[in-house]
Amino acid sequence: IVHRSDLRRPLIVAQVAASFMLLIGTGLMVRSLLNLTGVNPGFSTDHVLTMQIDMNFTKYRTPAERAAYLDRLLGNLQAIPGVSAVGATGTLPLLEEAGGSIDALLIAGPDGRNVANGPRASLMIASDDYFRAMDIPLVDGRFFAASDGFDASPVVVVNQAFASGNWPGESAVGQRISANGGKRWLTVVGVVANVRQQLALEPVAEVYASMRQVPYVTTNWAIRSPADQAVLVPLVQAAVRATDRDQPIHRLRTLADVRAASLAPPRLTATLLGLFAALALVITAAGIAGVIAYSVSQRSQEFGVRVALGASRTDVVSMVVGEGVRLAVAGLSIGLLGAIVLGAPLSTVLFGVGPVDAVTYLAVSAVLLGVAALACLLPALRAASIDPMTALRAG
């Protein structure tokens, strides 16, 4: 007949292994989330209200009509008391669809005639004050200006990644690029600092066209103001209605909320893994305590004899706790292999931490061994309190 405790022990080992893998996943996701939270995106999210405007393309049919509408809206928003800067772009950073279309560009050679194939870059638009509204630093040249109108010479602003990749050691200002095979050339008037379109992604080469010259139907706006959101929102809504009373507003929220929303998926994953890991840890602790308590009840005479022969209460406690810790160590050994195997697919969602992170593995191992020791403590104290004479008579 197989002893009940002999059947329980492999189950406890399996529970420890499963708990270890879940705790490792939780620890890695938490560390990844903390790393993401600390990332500098290259712009400031404080005191910025954002919104999305989808123009009625049947009402504003031509690029000139769209440019005129955007210019009027920009003026009405800038007139709001306390607003320090208003900017617009195609897609704000940290949104799910952030970033522009990736196209291959041509770069004019130094003699103005030779053309070199340039790298692929993300093409976007920006209004005059977009970079100020987002607090994106100017590195060289200038931002867009009102003089960069719809009929003016086409200009662009590029980021540092694009500038350093194509004109290392020299200024990008004054250089010319083309996005349509050389049919239309655009002059670089400024270089801005790199920004992250997604927190987990490194900055890529970016080229911004003036919104006055390339007026999109869908635009995302950034309104920088120290005013409270409850005060600013109705003023912004009134400014939009004053421009076009039929114009709806979408995604009216702060840029800080946009950043928080971008962190929601990893935060949810870490929370769910944490809940499952906590549940598994509780079940494992209860299982270890149960197995050790049953073992103590079956070995009461042995403990009585040991005490009678001179074993101290501390020796008995150490013996019982050690039995539970050995079960935990066996589970950790199996869980370690499982965590390493399962860590490979998990690496695709981690940021700033590897799937086999020594700090996480050591911390989780210490937690599990500590829980196992605590789970054994009550049965161990019960074993140490056994009266030798009573145990010997019972035998």
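Alanine 238 is a handy place to step into this predicted model: the residue sits in helix H5, which covers residues 229-243. With a relative accessible area of 35%, alanine 238 is partly exposed, because that value falls between the 20% below which a residue counts as buried and the 50% above which it counts as exposed. If you want a first sense of distance, pick out phenylalanine 57 as well. Alanine 238 and phenylalanine 57 are separated by 181 residues in sequence, and their C-alpha atoms lie 22 Å apart in space.

Now zoom out to the whole protein chain. DSSP runs give 11 helices and 11 strands. The chain's radius of gyration is 33 Å, while the globule rule gives 21 Å for 395 residues; the value is well over the rule, so the chain is more spread out than a compact globule. You can see this in the C-alpha trace, which spans about 105 × 50 × 35 Å along its principal axes. Of the 395 residues, 46% count as buried. Contacts also reach across the sequence: among those between residues at least 6 apart, 80% join residues at least 24 apart.

Let us turn to the interior. In soluble globular proteins, nonpolar side chains tend to be buried together. Here the largest nonpolar core has 37 residues, and the members that touch the most others are Phe20, Ile24, Ile288, Val320 and Leu368. The elements that give two or more residues to this core are helix H1 (4-37), helix H7 (264-298), helix H9 (313-346) and helix H10 (358-384). Apart from this core lies another, made of 30 residues, including Ala85, Leu95, Met134 and Val189.

Valine 320 is a good residue to select if you want to look at contacts one by one. Leaving out residues up to four places away in sequence, valine 320 touches Ile292, Val296 and Phe303, and also Cys376, Pro379, Ala380 and Ala383.

Next come the open spaces. The largest pocket holds about 290 Å³ of space. Its lining has 16 residues, and those closest to the pocket's centre are Leu36, Ala200, Ser262, Pro266 and Val349. H1 and H7 each supply at least two residues of this lining; both helices also give two or more residues to the largest core. What is the chemical make-up of the lining of the largest pocket, by nonpolar, polar and charged residues? It divides into 11 nonpolar and five polar residues, with no charged ones.

The second largest pocket has a volume of about 200 Å³. Of the 14 residues lining this pocket, Leu123, Ala179, Leu186, Ala209 and Val214 are the closest to its centre. Strands contribute here: strand E4 (115-126), strand E7 (176-178) and strand E9 (206-210) each supply at least two lining residues, with E4 giving the largest share, three residues. The lining of this second pocket comprises 12 nonpolar residues, one polar and one charged.

There is an enclosed space too. The count comes to one cavity of 30 Å³ or more, and about 70 Å³ of space lies in the largest cavity. Which residues line the largest cavity? They are Ala67, Leu70, Asp71, Leu74, Ala126, Ser127, Asp128, Ser210, Met211 and Arg212. Helix H2, residues 63-78, gives the most to this lining, with four residues. By class, the cavity lining has five nonpolar, two polar and three charged residues.

Finally, two points on the backbone deserve a look. Most residues other than glycine have a negative phi. Leucine 94 has a positive phi of about 80°, although it is not a glycine. Leucine 94 is found in the loop between strand E2 (85-89) and strand E3 (101-108). Is leucine 94 buried or exposed? Its relative accessibility is 4%, so leucine 94 counts as buried, the cut-off being under 20%.

Aspartate 135 also has a positive phi, near 60°, in a residue other than glycine. Its place is the loop between helix H3 (130-134) and strand E5 (138-141). Aspartate 135 has a relative accessible area of 45%, so it counts as partly exposed, whereas leucine 94 is buried.

Note on methods
Residues numbered from 1 in each chain as written. Heavy atoms only, no water. Core = buried A, V, L, I, M, F, W, Y, C linked by side-chain atoms within 4.5 Å. Buried < 20%, exposed > 50% of the residue type's maximum accessible area, 1.4 Å probe, protein only. Contact = heavy atoms within 4.5 Å. 1 Å grid on protein atoms, 1.4 Å probe; cavity = no way out; pocket = protein on both sides within 12 Å on 5 of 7 lines; lining within 4 Å. Points joined across faces, edges and corners; volume = space filled by probe spheres on them. Nonpolar A, V, L, I, M, F, W, Y, C, P; charged D, E, K, R; others polar. Rg over C-alpha atoms; globule rule 2.2 N^0.38 Å.
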